[in-house]
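Hi everyone, thanks for coming. I'd like to walk you through one structure today, so please have a look at the screen.

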Amino acid sequence: MDFGKFWEKYGLYIALLFMLLMMFSYSIAWLRVGVGHGIDTVLAPLVEGFGIPFFILIVILSAATGLYSSVIQKYTIDYERMTEVQDRMKEFQKEYREAMLSQDEKRIKKLDVKKDRMMREQLELSQQQFKPMAYILVLTVPIFFWLLYRLSQIHNTITLPYYGTVSLTAPLLWVIPAWIIWYMICSITISQVIRKALNIGGI
């Protein structure tokens, strides 16, 4: 069996299934705690030995997340083709708008045929962008398991604009705890810098 063709045909479904399994694993306490405890043997010295504040540790881990996510996407997504398709789509939309305004029925029919092809290309690109998520989750979920494992044992605070000093485990946005909001802010910000350095586009 040609694995390349198999992945091209079924890769999106495999990635979706894997993502669902990884998300479901959050609800399995023994798995979550077991993975967290295992990773703790490696990362515990950062907290206990070097005494790094937990909110700084989250910055370091979010930077690592941004780095490996960007590298994975760089080598699994064809950004050159993506830019090419996006440029063609912009040109097509402009052409289609002009045909609609001029009410040129013959031109509109020709463009409708082209529209189907453009939409298929857009769908293929969306699928291509989605597949790397499976690889990223393999690395990210264990990090979250460790953070949950550690945060259940310690009480750390963080000072945020508008909110002041809050516990990292306190709900900050609806039921989302402060540490997840902080992780997301750091990860998104650092990722943009890394993506710019690697010369890759956004997803």
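What pattern does the protein chain follow when it is read along the sequence? It goes α-α-α-α-α-α-β-β-β-β-α. That adds up to 7 helices and 4 strands. Please keep in mind that this is a predicted model.

Some totals to start with. The protein chain has 203 residues, and buried ones make up 35% of them. If you take the contacts with a separation of 6 or more, 70% are between residues 24 or more positions apart.

Now to the helix packing, with helix α3, residues 54-76, as our guide. One of its partners is helix α6, residues 132-151. The axes of α3 and α6 are 9 Å apart, and the packing angle is about 170°. Anything over 145 degrees counts as roughly antiparallel, so that is the label for α3 and α6. On the α3 side the contact includes Leu57, Leu61, Tyr68 and Ile72. From α6 it takes in, among others, Tyr135, Leu139, Ile143 and Trp146. Sorted by class, this contact has 14 nonpolar, 5 polar and 1 charged residues.

Let me zoom in on Phe54, which sits in α3. Is Phe54 buried or exposed? It is buried, with a relative accessible area of 1%. Leaving out residues up to four places away in sequence, Phe54 touches Val47, Trp146, Leu147, Arg150, Leu151, Ile154, Asn156 and Leu168. Take Leu151 from that list: Phe54 and Leu151 are 97 residues apart in sequence, yet their C-alpha atoms are 8.9 Å apart in space.

Next, α3 again, this time with helix α7, residues 178-198. How do these two cross? Their axes come within 8 Å, at an angle of roughly 45°. That angle makes α3 and α7 oblique to each other, and the crossing is right-handed. The residues of this contact divide into 14 nonpolar, 7 polar and 2 charged.

A residue to look at here is Ser191, which is found in α7. Ser191 is buried, because its relative accessible area is 12% and the cut-off for buried is under 20%. Not counting residues up to four places away in sequence, Ser191 touches Gly66 and Ser70.

For contrast, have a look at Val33 in helix α2, residues 29-48. Val33 has a relative accessible area of 41%, so it is partly exposed. Val33 also has a long-range relationship to show you: Phe145 is 112 residues away in sequence, but the C-alpha to C-alpha distance is 7.0 Å.

Finally, the strands. Strand β1 covers residues 157-160, and strand β2 covers residues 164-167. In which sense do β1 and β2 pair? The pairing is antiparallel, over 4 bridges. Within it, Thr157 stands opposite Ser167 of β2. The two strands form a hairpin with 3 residues between them. In that turn, Tyr162 has a positive phi of about 75°, so if you like checking backbone torsions, that's one to look up.

The side chains along β1 alternate too. Ile158 and Leu160 point to one face and are buried. Thr157 and Thr159 point to the other face and are not buried.

That's my tour. Thanks for listening, and I'm happy to go back to any part of it.

Note on methods: Residues numbered from 1 in each chain as written. Predicted model: local features only at pLDDT ≥ 70, side-chain atom pairs only at ≥ 80, totals over all residues. Heavy atoms only, no water. Buried < 20%, exposed > 50% of the residue type's maximum accessible area, 1.4 Å probe, protein only. Pairing = 2+ DSSP bridges. Axes fitted to C-alpha atoms, helices over the stretch in contact; angles between N-to-C directions. Parallel < 35°, antiparallel > 145°, perpendicular 65-115°, else oblique. Left-handed = near helix turned anticlockwise from the far one by under 90°. Nonpolar A, V, L, I, M, F, W, Y, C, P; charged D, E, K, R; others polar. Contact = heavy atoms within 4.5 Å.
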